[in-house]
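Some labels are only as good as the cut-offs behind them. The questions below ask what lies behind each label.

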Amino acid sequence: IYKCTACPLGRWLCCRFSGEGSSGSRDGDFEYARFAQPEGIIFDEENDVLLVSDYHGHRIRQVDMEGDVITVAGMNAEEQYAARGHVDGPVTSARFHHPHALAFDKWRNLIVAEDYHVRIISPDGNVQTLAGEGPNDKPRDGPGLLSRFQRVYDIAMAPNGDLAVTDTFNNKIRFIHRNLDANGNPQPFSDDA
């Protein structure tokens, strides 16, 4: 991961911020840590850290402002494919399969786009699948866990809490609808992905 700083005359200076530069999935200080194709990145202003989706590491990593790295969700194994899978539950035992983009909703849930799923990590550290049945090359609208995607590479939050997702290999933009109560508080995501 590189940090770029604006310089005079509209130029930028970029230098390594975190990661040894070799592929792998190793937590540690900025010179020791390894990433396995970091893909999505988002700044968590509340905690003053970066969150990074580690695509081939199959986990979500946190990088502090010194460049030090820890795994915050997904199985922490140095062997990157040992961590791969699709398991909901506490962040320490949940498994991911090729996480891509990251986004926060206004309730501080972290939304994770994966190859075939859209997942949510709640502020209390629980991972849940919002949408996506799993590997299948036939797209399908419908209830969240029965919907089908093929390579959800990017996500965006709409002002009303709905999610727009790119269903990349199916050449579609899809919406996952969020239900709110009368006071504007989030309800479970609806079943119509």
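Q: What makes E5 and strand E6 a pair?
A: Strands pair if DSSP finds at least two bridges between them. E5 and strand E6 (residues 69–73) have four bridges in the antiparallel sense, so they meet the cut-off of at least two. One contact of this kind sets Ile 60 opposite Ala 73 in E6. The two strands form a hairpin with five residues between them, and Gly 67 in its turn has a positive phi of about 95°.

Q: How do you know what counts as a strand, and what is this model based on?
A: A strand is a DSSP run of E with at least two residues, a helix a run of H or I with at least four, and both are numbered from the N terminus. The protein chain has 16 strands and zero helices. This is a predicted model, in which local features need pLDDT of at least 70 and side-chain atom pairs count only at pLDDT 80 or more, while totals for chains, interfaces and linings use all residues. Residues are numbered from 1 along each chain as its sequence is written, and side-chain values use heavy atoms, with hydrogens and water left out.

Q: What joins strand E4 to E5?
A: Five antiparallel bridges join strand E4 (residues 49–54) to E5. Ser 53 of this pairing stands opposite Ile 60 in E5. E4 and E5 form a hairpin with four residues between them, where His 58 in the turn has a positive phi of about 60°.

Q: Why is strand E5 called largely enclosed?
A: Buried means under 20% relative accessible area, exposed over 50%, and partly exposed in between, with a 1.4 Å probe and protein chains only. Four of the five residues of strand E5 (residues 59–63) are buried, so the strand is largely enclosed by the rest of the structure. Of the 193 residues of the protein chain, 47% count as buried.

Q: Which label fits His 98, buried or exposed?
A: His 98 is buried, since its relative accessible area is 9%. The residue is found in the loop between strand E7 (89–90) and strand E8 (102–104). Its phi is positive, about 55°, although His 98 is not a glycine. Most residues other than glycine have a negative phi.

Q: Which label fits Arg 151, buried or exposed?
A: Arg 151 has a relative accessible area of 18%, so it is buried. Arg 151 is found in the loop between strand E11 (126–131) and E12. Its phi is also positive, near 70°.

Q: Why are strands E12 and E14 said to stand at the edges?
A: Three strands form an open sheet in the order E12-E13-E14, with antiparallel pairing. Strand E12 (152–157) and strand E14 (172–176) each have a single partner strand, so one side of each is left without a neighbour in the sheet. Neighbouring strands of this sheet are turned by 25° against each other on average, direction ignored; the axes are lines fitted to C-alpha atoms, and angles run from 0 to 180 degrees between N-to-C directions.

Q: How many bridges join strand E13 to E14?
A: Five bridges join strand E13 (residues 163–167) to E14, and the strands run antiparallel. In E14, Phe 175 is the bridge partner of Ala 164, and Ile 173 is that of Thr 166. The hairpin of E13 and E14 has four residues between the strands, and Asn 171 takes a positive phi near 55° there.

Q: Why is the pair of Tyr 153 and Phe 169 called edge-to-face?
A: Rings of Phe, Tyr and Trp (its six-membered ring) pair if their centres lie within 6.5 Å; planes under 30 degrees apart count as stacked, over 60 as edge-to-face and the rest as tilted. The structure holds one aromatic pair. Tyr 153 and Phe 169 are 6.0 Å apart centre to centre with 85° between the planes, which is edge-to-face. Tyr 153 lies in strand E12 and Phe 169 in the loop between E13 and E14, so the pair ties together parts that are 16 residues apart in sequence. Tyr 153 counts as partly exposed at 31% relative accessibility, as does Phe 169 at 45%.

Q: What makes Arg 108 a charge over the ring of Phe 104?
A: The rule requires NZ of Lys or CZ of Arg within 6 Å of the ring centre and within 35 degrees of the ring normal. Arg 108 lies over the face of Phe 104, at 4.5 Å from the ring centre. Arg 119 likewise lies over the face of Phe 96, at 4.8 Å from the ring centre.
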